[in-house]
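Reader: Hello! I am new to this structure and would love a close look at how one part of it fits with the rest. Could you walk me through the way its helices pack?

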Amino acid sequence: MTAIHDVDLPTVGLTGFEPPLSEVEAAVHDSLHRFAKDVVRPLGQKLDRMSAAEVIAPGSPFWEFHQTVAQMGFDPTTFAEQGPMAAARIEALLGEEFGWADVGLAISVGAAALPLTVAREVGRQELIEMCTGKIGCWVITQPDRGSDCGILYSNEYHPLSPHGNKGNLTARVTADEIVLNGQSSAWVSNGSIAQVGMLYVAADYGDGYYEDNGRPFGVALLCPLDVPGVSRGKSLEKLGQRALPQGEIYFDNVRVPKRFALALRDEYLANHAFNWSNAGLGMCHAAAGVARAAFEYALAYVHERKQGGVSLHEHQLVLYRLGVMGRKVEMIRAVARRATEYAKLSPHRHPYYTAQAKVTCTEEALTVANEALQLLGGNGLAHDYPMEKLLRDARAMTIEDGENYITTTRFGGLLSRLHQNGWARES
Ligand SMILES: Cc1cc2nc3c(=O)[nH]c(=O)nc-3n(C[C@H](O)[C@H](O)[C@H](O)COP(=O)(O)OP(=O)(O)OC[C@H]3O[C@@H](n4cnc5c(N)ncnc54)[C@H](O)[C@@H]3O)c2cc1C
């Protein structure tokens, strides 16, 4: 009698149960992964142990890293010629690989590229030149303007609050210039080092800061950060993503030409919405990377460690826990990719939708990192193992780019608004 063969194992790659990649995608992915493994991950682990001041001190490897990345040309717009679906997939692979290697560095690279990416989108040569070769940042939160900065509809203000929050950094917009005064929050990614900023601030166009409905007017602009009147706070010491420098930026009567504006009074909110939705996508892919890293470490560990006389992976409960983690990694990736395809392909994207994807991806990444740490037992807590860093890094993601409870609430508000507008009424 001939033996019946086992079912063949499925095709699986670095990014899990991935449909076949095209030749270009596979080549890009391959070189990305090598860079992530050989350069980004070891560097992230090294920077994690340094103080926030040491990370950005002259001679720190952080600087060489940024130079290398800038020369590699991994800007997602480079892949636009592959068509929207392929570009979306390459963007996903890029974000996942960087997140897998070190999420703090992933965010630093993403924030660094933002002003140039936006300058290219608006296609203004002066702005492109101003941002080329510069480390960028995105300045939107301020000491007294946190979750408030993401409000898109005036009915989202608290009923007891007479109007929205103009925060501590404001602009006066005149016929030919924008004058900035105040400060950002300490949480601006790359804030302590950036050379150019993408700013979203409340603005007075000569008739006060507020519309009749209480909403602050705004201006979005690109601002060089080496001009008179700009100064910095210290780099922030924090729990996770320690390779990412963060800190306040102060503006004392900083004057820039009005032509540096990306969006004035009437276009401000739509512009904010568009760029926030891009940021949310980057967070989703980075979360897929963090979750995958944690899962892979745990998977390897349960094949090395013995308890009860056998390798951990021979215990059925451990297989169940691996299965739960593995399906979460697949789910995070799926949610991240769907949000990216939606944002790239649909005529009207929305940041509350991409932000809810960010919530799912980061919440699940945190549970995977937590369970992976648990599977390492006491070793999960030790500095000599990578798990405690991954847990700290993942923890920060649930607050970064919009705190998760608030963004979920805003998504609920959006669903209700859609329903009132006729959506989902057929059942
Ligand atoms: C790693 C990291 C990177 C970041 N990068 C940047 C950056 O590049 N640029 C930038 O400008 N900012 C950045 N931020 C700031 C980030 O966007 C804010 O931390 C976030 O939006 C939350 O704001 P907050 O910290 O002021 O918290 P708050 O808004 O003060 O919230 C505090 C708590 O109150 C709750 N809360 C707030 N409002 C309400 C409400 N209306 N109803 C009920 N509960 C409420 C929240 O759920 C939360 O639990 C970053 C933050 C982190 C952690």
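Author: Happily; what follows starts with the whole chain and then turns to the helices and two of their residues.

This is a predicted model, in which local features need pLDDT of at least 70 and side-chain atom pairs count only at pLDDT 80 or more, while totals for chains, interfaces and linings use all residues. Residues are numbered from 1 along each chain as its sequence is written, and side-chain values use heavy atoms, with hydrogens and water left out.

The protein chain has 11 helices and 10 strands; these are DSSP runs numbered from the N terminus, helices being H or I of at least four residues and strands E of at least two. Its radius of gyration is 23 Å, close to the 22 Å from the globule rule for 427 residues, so the protein chain is as compact as a globular protein of that length. (That radius is taken over C-alpha atoms, and the rule is 2.2 Å times the number of residues to the power 0.38.) Along its principal axes, the C-alpha trace spans about 90 × 65 × 45 Å. Of the 427 residues, 51% count as buried, a word that stands for under 20% relative accessible area, with exposed meaning over 50% and partly exposed in between (1.4 Å probe, protein chains only).

Now to helix α10, residues 387-397. In α10, 8 of the 11 residues are buried, so this helix is largely enclosed by the rest of the structure. Those buried residues are Met387, Glu388, Lys389, Leu390, Arg392, Asp393, Ala394 and Met397. They pack against α1, α5 (103-122), α7, α9 (351-375) and α11 (404-420), where contact means heavy atoms within 4.5 Å.

One of these partners deserves a closer look. Helix α7 (residues 268-304) packs with α10 at an angle of about 155 degrees, their axes 10 Å apart. That makes α7 roughly antiparallel to α10. (Axes are lines fitted to C-alpha atoms, for helices over the stretch in contact, and angles run from 0 to 180 degrees between N-to-C directions; under 35 degrees counts as roughly parallel, over 145 as roughly antiparallel, 65 to 115 as roughly perpendicular and the rest as oblique.) The crossing of α7 and α10 is left-handed, meaning that the near helix is turned anticlockwise from the far one by less than a right angle, with clockwise being right-handed. On the α7 side the contact is made by Met283, Ala286, Ala287, Val290, Ala293, Ala294 and Tyr297, and on the α10 side by Met387, Leu390, Ala394 and Met397. By class, this contact has 11 nonpolar, no polar and no charged residues. (Ala, Val, Leu, Ile, Met, Phe, Trp, Tyr, Cys and Pro count as nonpolar, Asp, Glu, Lys and Arg as charged, and the others, Gly among them, as polar.)

Leu281 also lies in helix α7, and at 0% relative accessibility Leu281 counts as buried. Leaving aside residues up to four places away in sequence, Leu281 touches Glu91, Ala339, Thr340, Ala343 and Thr354. The C-alpha atoms of Leu281 and Glu341 are separated by 9.9 Å, with their positions 60 residues apart along the chain.

Another pair is α4 (residues 84-101) and α8 (residues 316-345), packed at an angle of about 140 degrees with axes 9 Å apart. These two helices are therefore oblique to each other, and their crossing is right-handed.

Finally, His29 sits in helix α1 (residues 23-48) and is buried, at a relative accessible area of 6%.
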